[in-house]
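Biologist: Take me through this one up close, please. Pick a single spot on the surface to begin with, and then work your way into the packing from there.

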Amino acid sequence: MTNTTLSTPQSTTTPTYFLSEIFPLTIANPNLDAFRLSPEVDRKLGNKISWHLSQKFQDRIVIWEAGYFWILTKQNEERYGQDKWREGLREISEELKDDIGDRIYSIQSVMEPKPTPSILAQLAVRALQKGKAFSAETVWSKNQVEVKRKAKFWAETIELNNFLYPALALTPKSHFSYQGTLVNYYENHPYRHKPEEILIGLKVRERENDNSCTIVGLRGTIGENREELLKHKPASVSATAIDDAPDDQPVIAVQFSKKSQEYHYAMAALCPCITEENSHLFEIKHGDLLTQTKIKYQKRQEYLNSYKQTAQESLADYGFTIEKSVNSFSHPASFSLPNFNIEDTPLLFGNGIRGKRSAILNGLKNGVFRRHEDYNNPSRAIRINILKIGEFKVSSEFLEKIQTRLKQYQFNTLNLINPNTNKVEQDRVRSISIEGLSDSEAKAVVEEALDELLAIKPDIILTFLPQTDRHTDNSEEGSLYSFISSRILRRGLASQVVYENTIKDPANYANILNQVIPGILAKLGNLPFILAEPLKIADYFIGLDISRKPKKKGIGSLNVCASVRLYNQRGEFIRYGLEDALTEGEEIDKQTLEKLLPFADLREKTVLIYRDGLFRGNEVKHLQERAKAIRSKFILVECIKTGVPRLYNISQQILKAPTRGLSLRLSSSEVILVTTQLKSENMGVPFPLRLRVIPDPNHAEPISLEDLVEATLKLTLLHHGALKEPRLPVPLFGSDRIAYRRLQGISPSSSQGDKQFWL
């Protein structure tokens, strides 16, 4: 295994440097105390107590970390004695009696507290939160809907010159905001007689601190719970909302960031987030809102400078100094560009033909790399049946082009158009109208048409749906997409959906076929292309994901679907596996992991396992035990999509879009990587991925971050459902869609298979 040092950027004619949104912190002599409680508390209770202590003592910053409460006092102030904290804790214990019970805690002080860089960074973040250092800026407003922009910040650590520093991440964040409260939204909603339907699952913001959350339930009425809600001493906005709410108003339960803890609010303490699904209620086009959220690079530069100054003013009293953001001019070894041209990465197509990723369509004219056994005989024709729902038209020209394109890729099809009559073959097509029908009647008509199309088994059903069905998954009735796809996949057949607006313009046909046809071939089990050269870091690559369906009442999860996909060193898709389970948490249990990682495939192999997000609970322990049992080496990598600082190119002091493949080394086991390239700043700035390697006590040698970056970048090139490369490597891309659809009942009949049904 190679060492962990990343290659330095190659020189260019015009000097280009790189910049991050990470600002290192220094603090020479923190005015710091620390104590622990006996008996000890867990993270959930520790975080809650520390927050209440911070609120009670407004001139002190308190966090809980690693079993201790850490208190930061301003540089010129005396630290509180133990009696002060003991009295504060006693009063807070009364407020938190439901969580603590009658337990009495004693305080054990730390004589010489030694905070880690992570603890110092968290203290700085808590100080900014308490001081409400950043105010929101309204950049657009219409029909009571605003686009607001505000600094988003969180704690980071970064290793520079072999020394680990605390740091802040600072970035501008746009969000949609309704000027009214949830009360206004609810009372003016056309379906207000169905409160659970319109409220549960709705994203909202709490007005006190502007934090986003999701409504997970209704917990009785204000009249039934007013005293209990006020007993917890809510912040001023929430307290006023509770006092003023009518007795019959429902109590709203929300969760922040998928945490299991739920919090209860009166409606007036919340405001709804504006989404694609509900923007029409405000006579606002969602596309207009998205346009307003885009921030030009020059403006981003102004925001970053302003945020740094604001944060410095807020933290100076505590002794913090905010350094310049991490950049390649000062720290060239921390940044890296790949030592290969991503677009020139060689791929392997049919007949052993090599081609570039930038010329996939030409490569496919040589045929697919691997034909599924069902199509080993080139004369075997693909049978496509068609279902159209709605009043719009599908031209015969589009259908002919589907067959022509498949022929170019060396696949025959049964004629959709009768060559003698030049009309569509009626036994292969069903065109139905659902206008004026109830939801139940419409689905009955659709089901009848599907049964007729499935009577003579086709290979794939191509469904054309009205545009109005596109965002109806979460409605009470559900979407036709879900209804149709579930019935087709359960029969072991492939399904492809095309929406009405997609085919309105004949000039767009070629672009649509570029996306749809390779996807159709892959759904039928063929493999369009793979990497021509093997990846170095592992023998196999696996994407591991879990999706949960929240309960309508109570907290936790009801159903869980775990999925894996297995790829070899050249990114050749081998098989998917699906397992269902019931669990209250977010952890994949040991038995499910063992089923998903079979001995026969993985024994005595090096396997890189990407986890979508963080490993939960005992997953790492279970995976390492499984690796030891089958005499394999598992490289466990968390692939984190949110809360990742952005990276930029900077030339002549001007920010620009980051080069695809740019990475920033955070430590010997963690790297930030830009996997996408946006053609215009009107499209925004790419969100990088955070790749974190989990240490393995059974294998002491370090993992090469350079090899990990190369593998991740090249695995983004193997998406067969579109020409545009995804942000995630293919073992993970679509995992959330697989699990989400499976929880809706859209899943193949077999829990294992070799066809990419999710594309």
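Modeller: Ile456 is exposed, because its relative accessible area is 53% and anything over 50% counts that way. Keep in mind that this is a predicted model. Ile456 sits in the loop between α13 (439-455) and β23 (460-465). Setting aside neighbours within four places in sequence, Ile456 has Arg383 and Asn385 as its contacts. Asp427 is 29 residues away along the chain, and its C-alpha lies 9.5 Å from that of Ile456.

Leu489 makes a handy counterpart. Leu489 belongs to helix α14 (residues 480-490) and is buried, because its relative accessibility is 8%. Again leaving out neighbours within four places in sequence, Leu489 touches Ile746, Ser747, Pro748, Ser749 and Phe757. Gly745 comes 256 residues from Leu489 in the chain, yet their C-alpha atoms are separated by 9.6 Å.

Two more loop spots deserve a look for their backbone. In general, most residues other than glycine have a negative phi. Lys132 isn't a glycine, but its phi is positive, near 45°. You'll find Lys132 in the loop between α4 and β7 (137-142), and with 48% relative accessibility it counts as partly exposed. Gln653 is the other: not a glycine either, with a positive phi of about 65°. Gln653 lies in the loop between β31 (647-651) and β32 (654-656) and is exposed, at a relative accessible area of 65%.

While we're on the backbone, go to Pro39, in the loop between β3 (32-38) and α1. In general, most peptide bonds are trans. The one running from Ser38 to Pro39 is cis, its omega being near 0°.

That loop leads into α1, so let's look at what α1 packs against. With helix α4 (residues 117-131), α1 makes an angle of about 50°, and the two axes are 11 Å apart. That angle makes the pair oblique. The way α1 passes α4 is a right-handed crossing. On the α1 side the contact comes from Ser50, Trp51, Ser54 and Gln55, and on the α4 side from Arg126, Gln129 and Lys130.

α1 also packs with α2. Their axes cross at roughly 115° and come within 10 Å, and this crossing is right-handed too. From α1, you get Ile49, His52, Leu53 and Lys56 meeting Trp85, Gly88, Leu89, Glu91, Ile92 and Glu95 of α2.

Trp85 is the one to follow next, into the aromatic side of things. The structure holds 25 aromatic pairs. In the one formed by Phe57 and Trp85, the ring centres are 4.9 Å apart and the planes stand at 70°, so the pair is edge-to-face. Phe57 comes from the loop between α1 (43-56) and β4 (60-65), while Trp85 comes from helix α2 (residues 82-95), so the pair ties together parts that are 28 residues apart in sequence. Neither ring's residue is out in the open: Phe57 is buried at 8% relative accessible area, and Trp85 is buried at 4%.

There's company around them as well. Phe35, Phe57, Phe69, Tyr80 and Trp85 are joined by ring pairs into a cluster. Tyr80 carries something extra: the charged end of Lys84 sits over its ring, 5.2 Å from the centre.

For a ring pair with another geometry, try Phe349 and Phe529. This pair is tilted, with 5.7 Å from centre to centre and 50° between the planes. Phe349 sits in the loop between β17 (346-348) and β18 (354-356), and Phe529 in the loop between α15 (509-523) and β25 (530-531), so you're looking at distant parts of the chain, 180 residues apart. Both partners count as buried, Phe349 with 1% relative accessibility and Phe529 with 2%.

One last charge over a ring to check on your screen: Arg646 lies over the face of Phe687, 4.0 Å from the ring centre.

How values were computed:
Residues numbered from 1 in each chain as written. Predicted model: local features only at pLDDT ≥ 70, side-chain atom pairs only at ≥ 80, totals over all residues. Heavy atoms only, no water. Phe/Tyr/Trp six-rings, centres within 6.5 Å; stacked < 30°, edge-to-face > 60°. Helix = DSSP H or I, 4+ residues; strand = E, 2+ residues; numbered from the N terminus. Buried < 20%, exposed > 50% of the residue type's maximum accessible area, 1.4 Å probe, protein only. Lys NZ or Arg CZ within 6 Å of the ring centre and 35° of its normal. Axes fitted to C-alpha atoms, helices over the stretch in contact; angles between N-to-C directions. Parallel < 35°, antiparallel > 145°, perpendicular 65-115°, else oblique. Left-handed = near helix turned anticlockwise from the far one by under 90°. Contact = heavy atoms within 4.5 Å.
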